[in-house]
Amino acid sequence: MINITAENEEYVICDLVARIFDETLCQRKNKRQFKEACKIEGRRLYDATVLVRLNYTQLEPNNPGSISYYKKNDTFFVTYTVADYFKDLLERPDWESIGKKKHIAVTEERRVLLKCDQCGREWSGIVRSGKPVSERLLSCPQGCNTPSNESAKIQEVNSYDV
Ligand SMILES: [Zn+2]
């Protein structure tokens, strides 16, 4: 494990976050997975708590964006400003965890095809990027997974998840 010192701190944090961001894009993962990977890798490699917030802004195509951070009680609060054309990819729903929670398998993205784990019924719908997925779309037409009262929140908190 490499220790983070005052000398290497800036390099270590920026390198970590930028590298994981590239991997996130390559692997078509989303924002939640990016933030999670930063936490896990920060802990694993440097024994540090690294919390990242993404900002979107208009940038020229080759501009890699900018990273800033501050440190408080051994936690690094990082703000990564990236080009807004990444937003569609990064803000799209996390189908894996939604599927687990709602007990459905999602077989296709954007034009989504859903299948109920319980009755096997299939249905489909459209998902707009950056918008929360509606409960109605996720509910089996046969009512197998309809929640009782709980209004399940599939909205990501758009800030540090401390
Ligand atoms: Zn069903």
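Which residues are exposed on the other side of α2, away from its buried ones? They are I40, R43 and R44. This is a predicted model, in which local features need pLDDT of at least 70, side-chain atom pairs count only at pLDDT 80 or more, and totals for chains, interfaces and linings use all residues. Residues are numbered from 1 along each chain as its sequence is written.

**Helix α2**
- Helices (H or I, at least four residues) and strands (E, at least two) are DSSP runs, numbered from the N terminus.
- The 16 residues of α2 (31-46) should span 22 Å at 1.5 Å a residue, and the end C-alpha atoms are indeed 22 Å apart; the expected span is 1.5 Å times one less than the number of residues.
- K31, F34, K35, A37, C38 and G42 are the buried residues of α2.
- These buried residues cover an arc of only 160° around the axis, so they sit on the same side of α2; the arc is that of the directions from the helix axis to the C-beta atoms.
- Buried means 20 or more other C-beta atoms within 10 Å of a residue's own, exposed means 12 or fewer, and partly exposed is in between, with C-beta atoms placed from the backbone.
- Just after α2, D47 takes a positive phi of about 55°.

**The sheet**
- Three strands form an open sheet in the order β1-β3-β2, with mixed pairing; two strands pair if DSSP finds at least two bridges between them.
- The edge strands, β1 and β2 (66-72), each pair on one side only.
- Seven bridges join β2 and β3 (75-83) in the antiparallel sense, and K72 has T75 in β3 as its bridge partner.
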